[in-house]
Amino acid sequence: MELIIKNSRKLSDMQRDFNEAFPYLKIEFFSKPHDTKKASLGKDRINSDRTVKSIRTKSVEGKINLTESRTVAEFEGELQSIYGLNVQVFRESGNVWIENLGASHNVFLTWINTNDCLTCKHSSI
């Protein structure tokens, strides 16, 4: 699966595409980058009705392959460095979404999606 980055796309469309690939993960967009292994500030979260063009700091369009071998750090870093988008990955834990921080920042997206959701509200595990 691919995540398409185009100026005309709404952030909510990108969030939906990401969540289709990783049902127990989600992405949120922020106005400022976060420090490595640090949480983003809630006040910096961007409304998902906005377009990519309205928030990006670089005007590159393209796509990111959502492969099994991509880590959270690689995914977030690529969106920031190439496309100028500040993103944070969240994982589902019970009825809440938790920012993916610390050691799990260097873990594959697919591993977190399948192994870190034992308490996910819609998990069949």
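This report describes charged and aromatic side-chain contacts in a predicted model.

**Salt bridges**

Side chains of opposite charge can pair when their charged atoms come close. The structure holds eight salt bridges, and three of them are set out in the table, with the N to O distance for each pair.

| Basic residue | Acidic residue | N to O distance |
|---|---|---|
| Arg 9 | Asp 17 | 2.7 Å |
| Arg 16 | Glu 20 | 3.7 Å |
| Arg 45 | Glu 28 | 3.9 Å |

In the pair of Arg 9 and Asp 17, Arg 9 has a relative accessibility of 14% and counts as buried. Its partner Asp 17 is buried as well, at 11% relative accessible area. Both values fall in the buried class because that class covers residues under 20% relative accessible area.

Arg 16 and Glu 20 are both part of helix α1, which spans residues 11-21. Four residues, or about one turn of the helix, separate Arg 16 from Glu 20. Arg 16 is partly exposed, with 42% relative accessible area.

These two pairs also belong to a wider arrangement: a network of salt bridges links Arg 9, Asp 13, Arg 16, Asp 17 and Glu 20.

The salt bridge between Arg 45 and Glu 28 links distant parts of the chain, 17 residues apart. Glu 28 sits in strand β2 (25-30), while Arg 45 is in the loop between β2 and α2 (52-55). Arg 45 is partly exposed, at 40% relative accessibility, whereas Glu 28 is buried, at 11% relative accessible area.

**Aromatic rings**

A pair of aromatic rings is described by the distance of the centres and the angle of the planes. Two aromatic pairs are found in the whole structure. One of them joins Phe 18 and Phe 22, whose ring centres are 5.1 Å apart and whose planes make an angle of 50°. This pair is classed as tilted because its angle is neither under 30 degrees, as for stacked rings, nor over 60, as for edge-to-face rings. Phe 18 has a relative accessible area of 0% and is buried. Phe 22 also counts as buried, at 3% relative accessibility.

Ring pairs bring Phe 75 together with Phe 18 and Phe 22 in a cluster.

**A charge over a ring**

One further contact joins a charged residue to an aromatic one. Lys 26 lies over the face of Phe 90, and the distance from the ring centre is 5.6 Å.

Definitions and conventions:
Residues numbered from 1 in each chain as written. Predicted model: local features only at pLDDT ≥ 70, side-chain atom pairs only at ≥ 80, totals over all residues. Heavy atoms only, no water. Salt bridge = Lys/Arg side-chain N within 4 Å of Asp/Glu carboxyl O. Buried < 20%, exposed > 50% of the residue type's maximum accessible area, 1.4 Å probe, protein only. Helix = DSSP H or I, 4+ residues; strand = E, 2+ residues; numbered from the N terminus. Phe/Tyr/Trp six-rings, centres within 6.5 Å; stacked < 30°, edge-to-face > 60°. Lys NZ or Arg CZ within 6 Å of the ring centre and 35° of its normal.
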